[in-house]
Amino acid sequence: MKERPSKGHGGVMSAPQTAKVAMILLPTLLLISDAICNTHCSAIPDNSTDMLSLLDFKRAIINDPRQALSSWNTGISRCQWEGVKCSLTHPGRVTALNLGGLGLSGPISPSLGNLTFLKSLNLSANGFAGELPPFNRLHNLQRLVMRDNSLQGVIPNTLTNCSNLIHLDLSGNFLVGEIPHNIGFLSNLLSLVLFQNNLTGRIPPSLGNISQQLKGMNLADNQLTGSSPDEIGQMPNLLGLVLSDNRLSGGIPLYNHSSLLLLDVGSNMLEKALTSDFGDNLPSLRTLMLGSNKLHGHIPASLGNISELATLDLSSNNFIGQVPTSLGRLGMLSFLNLQANKLSSKDTQGWEFIGGLSNCSSLNVLGLAQNQLQGAIPNSIGKLSTQLQELGLDENELSGPVPVNIGNLSALTVLDLSNNKLDGPIEGWVG
């Protein structure tokens, strides 16, 4: 498995990595059918096509450190070979090949494309290299998982001939070129996972063809450009959308996504303001990550209506004005990062949000650094969650003494008050 450098949002209050992990696990939310296919058998005598195709695949393997394919020989029924599953109704026809995480390396033989009864192909977490075979004859294929290899070249357009594909995961490779324009021809697709490649170009509008059933899409950590197509905003059953670490511009094309749990479009070049009803359109959201963009305007008070929101990252944007007190209604909130914006607090009213956040009893991280917060730190700081572990107020325009009751935050592991104009003693609270 290849290694890539981590791409965080920088600073002490970096966003948690749970969003991408969640998308890797998202397909487990999808109830993918495992019914036996009913395609007619090959005309070749004794159905030997599948055995010969598997042996061709084995011959292309350069390294098998665990001897996982040692059972692959003509002296044993192919249905008893490691990782091979056969049909119960069509004897000898291979319906599943699961060789994930076995340390295999070498090219992927195009002969796998002859396994016409194949429904599930998992070669993830190995060392396969070279180009992805076309697989255009695998009309029964439902699951194709090739993540965490070293595959190169483009995603073949012929892959869209796999019309029964439900889950497609090619993440963690070195694939280049554009996402096939006709990806929307995969009319049964529920989950599309292509993150951590070198894909370029725009997100295909043809995804609108599968807008009604698509539940998960992760295109993060590529080099995609242009604006997100409006079709993405019309996927009513979407559970997770991750487009972070690309070069996307424009706004966030979301309308009414009552089922969406995860939205991560951080580290792009999105530049519009959030609409005032932004939070009202995402009532089920658990994770919202918009950090490291060029978003501007005020933080919508409607974000406080997302009652189950646990992670909110708006850092490194151009938001202005006061932090809305409505965020204090987010009883499930554990991570709030607002650092590196232009947020202000010039008077008592501007600091009222701190008192509101005292209602967030699960808050672990609060990042307010690199803003335009002014004046004295309010005494209400000591009423924040006793579970708070990280608090960043550095690089603001704070003055006066630090409230003694900040010492109530006994779970703190990181407290950054640097680059302000604070004065007074510390012995009353630092212990």
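Which side chains meet in a salt bridge at 3.1 Å, N to O? Those of Arg286 and Glu308 do. Keep in mind that this is a predicted model. The rundown below goes through the charged pairs, the cysteines, the aromatic rings and a stretch of paired strands.

**Salt bridges**

- The count of salt bridges comes to four, and three of them get a closer look here, starting with the pair from the opening question.
- Arg286 sits in the loop between strand 17 (269-270) and strand 18 (287-289), while Glu308 sits in the loop between strand 19 and strand 20 (311-313). The two are 22 residues apart, so this pair links distant parts of the chain.
- Both partners are partly exposed: Arg286 has a relative accessible area of 38%, and Glu308 comes in at 36%.
- Next up are Asp169 and Arg147, whose side chains form a salt bridge at 3.3 Å, N to O. Asp169 belongs to strand 8 (residues 167-169) and Arg147 to the loop between strand 6 (143-145) and strand 7 (150-152), so the pair ties together parts that are 22 residues apart in sequence.
- Here the two ends have unlike surroundings: Asp169 is buried, with just 2% relative accessibility, whereas Arg147 is partly exposed at 27%.
- Arg59 and Asp56 make a salt bridge too, with 2.2 Å between the closest N and O atoms. They are three residues apart in helix 2, which means about one helical turn separates them.
- Arg59 is exposed, with a relative accessible area of 61%, and Asp56 is partly exposed at 33%.

**Cysteines**

- How many disulfides are there? The count comes to one.
- That disulfide is formed by Cys79 and Cys86, with the sulfur atoms 2.1 Å apart.
- The link between Cys79 and Cys86 is left-handed, with -95° about the S-S bond.
- Cys79 is partly exposed, since its relative accessible area of 29% is not under the 20% that counts as buried. Its partner Cys86 is buried, at 11%.
- Thinking about other cysteines? Cys162 is buried, with a relative accessible area of 0%, and Cys360 is buried with a value of 0%.

**Aromatic rings**

- The structure has four aromatic pairs.
- One of them is Phe57 with Phe128, a tilted pair with 6.0 Å from centre to centre and 40° between the planes.
- Phe57 is in helix 2 (residues 49-59) and Phe128 is in strand 5 (residues 127-131), so this contact ties together parts that are 71 residues apart in sequence.
- Phe57 and Phe128 are both buried.
- Trp351 and Phe353 form a stacked pair: the centres are 6.0 Å apart and the planes are at 15°.
- Trp351 is buried at 7% relative accessibility, and Phe353 is buried with a relative accessible area of 2%.
- Which residues make up one aromatic cluster with Phe57 and Phe128? Trp72 and Trp81 join them.

**Strand pairing**

- Strand 19 (residues 296-298) and strand 21 (residues 318-321) run parallel and are joined by three bridges.
- Within that pairing, Gly297 stands opposite Phe319 of strand 21.
- Strand 21 is also joined to strand 23 (residues 342-345), by two bridges and again in parallel.
- Which residue in strand 23 is the bridge partner of Ile320? It is Lys342.
- Strand 21 therefore pairs with strand 19 as well as strand 23, as three bridges and two bridges satisfy the requirement of at least two.

**Picking out elements that recur**

- Helix 2 turns up twice: it holds the Arg59 and Asp56 salt bridge partners, and it also holds Phe57 of the tilted aromatic pair.
- Strand 19 also turns up twice: it pairs with strand 21, and the loop between strand 19 and strand 20 carries Glu308.

Definitions and conventions:
Residues numbered from 1 in each chain as written. Predicted model: local features only at pLDDT ≥ 70, side-chain atom pairs only at ≥ 80, totals over all residues. Heavy atoms only, no water. Disulfide = S-S within 2.5 Å. Buried < 20%, exposed > 50% of the residue type's maximum accessible area, 1.4 Å probe, protein only. Helix = DSSP H or I, 4+ residues; strand = E, 2+ residues; numbered from the N terminus. Phe/Tyr/Trp six-rings, centres within 6.5 Å; stacked < 30°, edge-to-face > 60°.
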